[in-house]
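Trainee: Got a minute to walk me through this one? I'd like to start with the pockets.

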Amino acid sequence: MYAVIGTYQQLRIFREVELTKARDGNDSLFPQVCNLNYELLTRIEDSELRELVGNEARRPLTIASRLEKQLSQFMNEYFVVQNFLILEHVELVF
């Protein structure tokens with residue numbers, strides 16, 4: 001696992017400029033960057049998401065469990081078709 005740290009502007013430039021030129025060991029371009037927060041949230045129905053957000057203070061473990069389940073499903077589905085993943089916006093996991 002690697003992490004790139006910087007200001008929002010530096011990270012945007014890294015994603016839009018540097019990563020578009022990056023190649024893997026097979027000389028293939030890297031895959032598109034994946035917004036993890038978006039991927040996780042789009043997997044939860046709007047009504048359920050509203051309920052989770054409304055109850056967050058009272059039931060933080062429920063939310064953590066739901067996000068963990070969605071993360072696991074996303075990773076399992078992703079790695080069936082791709083073997084390299086670049087993530088951004090991972091705040092929900094922490």
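**Pockets, helices and loops**

Mentor: Sorted by class, 13 nonpolar residues, 3 charged ones and no polar ones make up the lining of the second largest pocket. Ala, Val, Leu, Ile, Met, Phe, Trp, Tyr, Cys and Pro count as nonpolar, Asp, Glu, Lys and Arg as charged, and the others, including Gly, as polar.

Trainee: And where does this model come from?

Mentor: It's a predicted model, with local features needing pLDDT of at least 70 and side-chain atom pairs counting only at pLDDT 80 or more, while totals for chains, interfaces and linings use all residues. Numbering runs from 1 along each chain as its sequence is written, and side-chain values use heavy atoms, with hydrogens and water left out.

Trainee: OK, what's a pocket here?

Mentor: On a 1 Å grid over the protein atoms alone, a pocket is an open set of points where a 1.4 Å probe fits, with protein on both sides within 12 Å along at least five of seven lines; lining residues have an atom within 4 Å of a point.

Trainee: What volume does the second largest pocket have?

Mentor: About 290 Å³. A volume is the space filled by probe spheres set on the grid points, which are joined across faces, edges and corners.

Trainee: Which residues lie nearest its centre?

Mentor: The second largest pocket has 16 lining residues, and E56, I63, A64, L67 and L92 are the ones nearest its centre.

Trainee: Which helices supply that lining?

Mentor: α2 (36-41), α3 (46-54) and α4 each give at least two residues to the second largest pocket. The largest share comes from α4, with 7 residues. Helices (H or I, at least four residues) and strands (E, at least two) are DSSP runs, numbered from the N terminus.

Trainee: Switching to the largest pocket, how much space lies in it?

Mentor: The largest pocket holds about 1100 Å³. It's lined by 28 residues, and Y2, A3, V4, L87 and E88 are the closest to its centre.

Trainee: Which elements supply at least two residues each?

Mentor: α1 (8-21), α4 (60-81) and β2 (87-88) do, for the largest pocket. There, α1 has the largest share, 6 residues.

Trainee: What's the mix of classes in that lining?

Mentor: The largest pocket is lined by 22 nonpolar, 2 polar and 4 charged residues.

Trainee: Let's leave the pockets. Is N37 buried or exposed?

Mentor: N37, which lies in helix α2, is buried because its relative accessibility is 15%. Buried means under 20% relative accessible area, exposed over 50%, and partly exposed in between (1.4 Å probe, protein chains only).

Trainee: What does N37 touch?

Mentor: Not counting residues up to four places away in sequence, N37 touches E88, H89, V90, E91 and L92. Contact means heavy atoms within 4.5 Å.

Trainee: H89 is on that list. Where is it placed?

Mentor: H89 is in the segment after β2. With a relative accessible area of 34%, H89 counts as partly exposed. Its phi is near 50°, a positive value in a residue other than glycine.

Trainee: Why point out a positive phi?

Mentor: Because most residues other than glycine have a negative phi.

Trainee: Where else does a positive phi turn up?

Mentor: D27 has a phi near 65°, which is positive too, and D27 isn't a glycine either. D27 sits in the loop between α1 and β1, and it counts as exposed because its relative accessibility is 52%.

Trainee: What about R23 and D24?

Mentor: R23 is placed in the loop between α1 and β1 (34-35), and so is D24. At 45% relative accessibility, R23 is partly exposed. D24 is partly exposed at 35%.

Trainee: What is R23 in contact with?

Mentor: Leaving aside neighbours within four places in sequence, R23 is in contact with S28, L29 and F30.

Trainee: And how far is D24 from F84?

Mentor: Their C-alpha atoms are separated by 9.4 Å, while D24 and F84 are 60 residues apart along the chain.

Trainee: Last one: what does L71 touch?

Mentor: L71, found in helix α4, touches L36, L40 and V93, again not counting residues up to four places away in sequence. The C-alpha atoms of L71 and L85 are separated by 13 Å, with the two residues 14 apart along the chain.
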